[in-house]
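Reader: Hi! I'd love a close look at one part of this protein, the metal site and the charged side chains around it. Could you walk me through it and then follow the trail outward?

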Amino acid sequence: MSLILVVEDDEKNLKLVRHLLQFKGYRTLEAMTAGAGIELAKAHHPDLILMDIQLPDMDGITALKQLRAAPETKDIRVMAVSASVMPEDRSRILAAGFDGFQGKPIKLNEFLEAVAAMLVKSEGH
Ligand SMILES: [Mg+2]
């Protein structure tokens, strides 16, 4: 079953996402800082990364750039999960090179469908 890395500094959001993903049978890895997330991604090469944008050590866009710059993580699909849902924020996030975007608070069905779609797309790697 697919392995998903969740990078999220809010404990309640992290718990919700973990439960949702595990309920669907996915395996999860978790980090509460971008730095820890990048290290886990390099070590475990997850099938998908869900990246919060506002994180304590660096923002999710900077973290994405670091993932894309490293040969062992550059091909991993990364979906932004952000409370910034204004159209201009969403465009800025997608323009940074994320493979997808989900707003917070999470809409359960939409979120799980987006995750499943990302995993189908990443099967070709
Ligand atoms: Mg956050």
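**Around the magnesium ion**

Author: Happy to! Counting pairs with a Lys or Arg side-chain nitrogen within 4 Å of a carboxyl oxygen of Asp or Glu, the total comes to 6 salt bridges. Please keep in mind that this is a predicted model, so every distance below is a computed one.

Let's start with the ion itself. Which protein residues are donors of the magnesium ion? They are Asp-9 and Asp-52, each through OD, and Gln-54 through O, at 2.0 to 2.2 Å from the metal. Written as a sequence pattern, the spacing of these donor residues is D-x42-D-x1-Q. The site therefore brings together distant parts of the chain, with Asp-9 and Gln-54 lying 45 residues apart. Asp-9 belongs to the loop between strand 1 (3-7) and helix 1 (11-23), and Gln-54 to the loop between strand 3 (48-52) and helix 3 (60-69).

How open are these two donors? Asp-9 has a relative accessibility of 33% and is classed as partly exposed. Gln-54, with a relative accessible area of 59%, counts as exposed, because the cut-off for exposed is over 50%.

Asp-9 also takes part in a second feature. Together with Asp-10, Glu-11 and Asp-57, Asp-9 forms a negative surface patch. Of these, Glu-11 sits in helix 1 and is exposed, its relative accessible area being 62%.

Now to the charge pairs, and to a bit of general background. Side chains of opposite charge can pair when their charged atoms come close. Here the metal donor Asp-52 comes back in another role: Glu-8, Asp-52 and Lys-104 are linked in a network of salt bridges. Within that network, the side chains of Glu-8 and Lys-104 meet with an N to O distance of 2.8 Å. This pair again links distant parts of the chain, 96 residues apart: Glu-8 is in the loop between strand 1 and helix 1, while Lys-104 is in the loop between strand 5 (100-103) and helix 5 (108-122). Are the two partners buried or exposed? Glu-8 is buried at 5% relative accessible area, and Lys-104 is buried too, at 15%. Both get that label because their values fall under 20%.

Lys-104 has one further detail to offer. The peptide bond from Lys-104 to Pro-105 is cis, with omega near 0°. In general, most peptide bonds are trans. Pro-105 is placed in the loop between strand 5 and helix 5.

Moving away from the ion, two other salt bridges are worth a look. One joins Asp-99 and Arg-77, whose side chains meet at 3.6 Å, N to O. That pair links distant parts of the chain as well, with the two positions 22 residues apart in numbering: Asp-99 lies in the loop between helix 4 and strand 5, and Arg-77 in strand 4 (residues 77-82). Asp-99 is partly exposed at 26% relative accessible area, whereas Arg-77 is buried at 18%. The labels part ways here because the buried class ends at 20%.

The other bridge is formed by Asp-75 and Lys-74, with an N to O distance of 3.6 Å. Asp-75 has a relative accessible area of 40% and is partly exposed, and Lys-74 is likewise partly exposed, at 42%.

Since you may be checking backbone geometry too, where is there a positive phi in a residue that is not a glycine? His-45 has one, of about 45°. Most residues other than glycine have a negative phi. His-45 is located in the loop between helix 2 (34-44) and strand 3, and its 45% relative accessibility makes it partly exposed.

Finally, two residues round off the tour. Met-86 is in the loop between strand 4 and helix 4 and is partly exposed at 48% relative accessibility. Its C-alpha is 9.6 Å from that of Gly-103, and the two residues are 17 apart in sequence. Ile-93, in helix 4 (residues 87-95), is buried with a relative accessible area of 0%. Between the C-alpha atoms of Ile-93 and Ser-82 there are 9.1 Å, and these residues are 11 apart along the chain.

Definitions and conventions: Residues numbered from 1 in each chain as written. Predicted model: local features only at pLDDT ≥ 70, side-chain atom pairs only at ≥ 80, totals over all residues. Heavy atoms only, no water. Donors = N, O, S within 2.8 Å, 3.2 Å for Na, K, Ca; no water. Helix = DSSP H or I, 4+ residues; strand = E, 2+ residues; numbered from the N terminus. Buried < 20%, exposed > 50% of the residue type's maximum accessible area, 1.4 Å probe, protein only. Patch = residues over 30% accessible without salt bridge, like charges linked within 9 Å, V, L, I, M, F, W, Y side chains within 5 Å. Areas by Shrake-Rupley, 256 points an atom, 1.4 Å probe, with all protein chains shown as cover. Lys, Arg positive; Asp, Glu negative; His and termini not counted. Charge placed at Lys NZ, Arg CZ, Asp CG, Glu CD.
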